[in-house]
Amino acid sequence: MSSIFPTYARWDVTVQKADGAILVDTNDKEYLDFTSGIGVCNLGHNHPTVKEKVIEQLDQVWHVSNLFHIPTQEQAAMMLTEHTCGDYVFFCNSGAEGNEGAIKLARKYTGKWKIISFKQSFHGRTFGSMSATGQDKIHEGYGPLLPSFEYATFNDIDSVKSLVDDQVAAVMIEVIQGEGGVHPADPVFMEALEQLCQENGILLIVDEVQTGIGRTGKAFAYEHYNISPDIIVSAKGLGNGFPIGAVIGKEKLKEAFGPGSHGSTYGGNPLATAAASAVMSEVFRPEFLKQVEENGHYFMKLLTEKLTSSFVKEIKGKGLMIGIECTGEVGPLLTQMREEGFLALSAGPNVIRLLPPLTVTKDQLEKAAAILADVL
Ligand SMILES: *Cc1c(COP(=O)(O)O)cnc(C)c1O
């Protein structure tokens with residue numbers, strides 16, 4: 001009997017301890033974890049440096065509120081602005097909350113009210129971020145949704161053009177759609193999208209909650225494209241398991257987020273920003289990102305060679321964010337993989353999604369590819 005609302009269909013696994021890419025359950029069974037807490041523990045579980053910095057901060061001060069100056073918050077913001085095209089940061093506690101902040105900032109700055117997002121997108125579960133999400137199953141039972149959102153077709157610039165009018169404040173997009181099936185944006189489309197935004201005074205928001213913090217081999221995935229978004233939203237990997245989110249925006253947006261315009265009690269608290277600073281000092285090192293890129297290529301090559309089953313339709317993704325699109329439902333396969341000690345995610349009914357820790361070894365990638373080949 002559980003006293004928790006049954007919002008999640010949980011797996012039959014209870015984790016006792018975890019280290020790197022290995023989880024141990026309460027029956028002492030070991031798993032190779034290619035879920036990373038859904039793209040959160042990018043540095044692997046129980047990372048020594050992140051742990052050390054959080055413990056150091058625990059010994060000093062946990063929480064003070066944003067009425068105070070917070071040095072770890074300044075440091076984390078500096079690192080985010082140094083590694084993006086943004087100039088200022090607002091900290092919050094999750095991806096959904098980051099997207100809420102981005103929506104508010106775009107509306108306030110432009111004085112317009114519509115936001116264009118995409119079919120099959122995922123932006124979170126709060127009312128605004130859910131309304132931005134272009135998936136019926138996420139909306140079910142909650143209507144009417146906010147009227148400010150319209151959904152274009154991913155990678156189809158004409159579908160965006162047809163929604164543009166003088167009330168559009170922003171376009172919100174995942175550079176690689178995550179929950180919606182691991183669909184990378186097409187470079188020509190992304191450049192055309194940026195141009196369309198610039199021509200119409202529309203802000204470009206990239207939701208990098210899943211794709212950021214080194215996941216694709218760049219600090220943020222938009223860097224694979226020749227674009228410079230106005231607002232970048234980060235969360236998931238930013239704290240390696242410590243809850244934190246961030247809205248990163250360009251200089252011109254500064255006045256729109258003046259004193260009293262937005263806020264969060266916990267946002268950017270000392271513990272969370274100590275964790276985030278420690279994460280970024282590891283992940284944003286050029287050698288680290290290069291390793292992610294190399295391992296991503298290696299893993300993609302292994303999968304392409306080994307997954308010869310006709311059940312596999314397409315393998316796609318970037319860096320260590322990989323989707324294996326199948327011709328049927330993947331749920332039963334994920335269960336079978338768990339029995340064999342391998343943990344993977346789905347993205348929609350037909351896609352196996354792999355988000356290993358970015359610290360994964362070549363041996364572990366080989367082991368994963370072998371289990372996948374076997375089960376598929
Ligand atoms: C997970 C996710 C979110 C929501 O993040 P939460 O921390 O669960 O609120 C938003 N956008 C994208 C792209 C995500 O993958």
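Modeller: A residue is called buried under 20% relative accessible area and exposed over 50%, with partly exposed for what lies in between. The model we are discussing is predicted.

Colleague: With those limits in hand, is K252 buried, partly exposed or exposed?

Modeller: The relative accessible area of K252 is 40%. Because that value falls between the limits of 20% and 50%, the class to assign to K252 is partly exposed.

Colleague: K252 forms a salt bridge; which residue is its partner, and how far apart in sequence are the parts that the pair ties together?

Modeller: The partner is D230, and the closest N and O atoms of the two residues are 2.9 Å apart. D230 is buried, with a relative accessible area of 10%, whereas K252 is partly exposed. K252 lies in the loop between strand 12 (245–249) and helix 9 (270–283), while D230 lies in the loop between strand 10 (203–207) and strand 11 (231–234), so the pair, K252 with D230, ties together parts whose separation in sequence is 22 residues.

Colleague: Which residue is linked in a network of salt bridges with K114 and E150?

Modeller: E150 and K114 form a salt bridge, their closest N and O atoms being 3.9 Å apart, which sits within the 4 Å cut-off for such a pair. E150 belongs to strand 6 (residues 149–152) and K114 to strand 5 (residues 114–118), so this pair ties together parts that are 36 residues apart in sequence. E150 is partly exposed at 27%, whereas K114, at 15% relative accessibility, counts as buried. The residue that is linked with K114 and E150 in the network is D165.

Colleague: Turning to the domains, which salt bridge partner does R353 have, and how many salt bridges does the rule find across the interface of domain 1 and domain 2?

Modeller: The domain assignment gives domain 1 as 15–47 + 286–375 and domain 2 as 49–283, which places R353 in domain 1 and E179 in domain 2. The side chains of E179 and R353 meet in a salt bridge at 3.0 Å, N to O. The partner of R353 is therefore E179, and the number of salt bridges found across the interface is 1.

Colleague: What area do domain 1 and domain 2 bury between them?

Modeller: The size of an interface is often given as the accessible area lost when the parts come together. The C-alpha centres of domain 1 and domain 2 lie 25 Å apart, and the contact takes 29 residues from domain 1 and 30 residues from domain 2. Carbon and sulfur atoms carry 57% of the buried area, which comes to about 2,500 Å².

Colleague: Which element gives the most to the side of domain 1 that touches domain 2?

Modeller: Between the domains there are 16 residue pairs in polar contact. Several elements of domain 1 each supply at least two residues to that side, among them helix 1 (36–39), strand 13 (312–318) and strand 17 (351–354). The element that gives the most, with 4 residues, is helix 10.

Colleague: Finally, is I138 buried or exposed?

Modeller: I138 has its place in helix 6 (residues 136–139), and, leaving aside residues up to four places away in sequence, I138 touches F122, R125, M130 and T133. Because its relative accessibility is 5%, under the 20% limit, I138 counts as buried.

Key
Residues numbered from 1 in each chain as written. Predicted model: local features only at pLDDT ≥ 70, side-chain atom pairs only at ≥ 80, totals over all residues. Heavy atoms only, no water. Buried < 20%, exposed > 50% of the residue type's maximum accessible area, 1.4 Å probe, protein only. Contact = heavy atoms within 4.5 Å. Domains from an automatic or database assignment. Buried area = accessible area lost by both parts, 1.4 Å probe. Polar contact = N/O pair within 3.5 Å; in protein donor to acceptor, adjacent residues only side chain to side chain.
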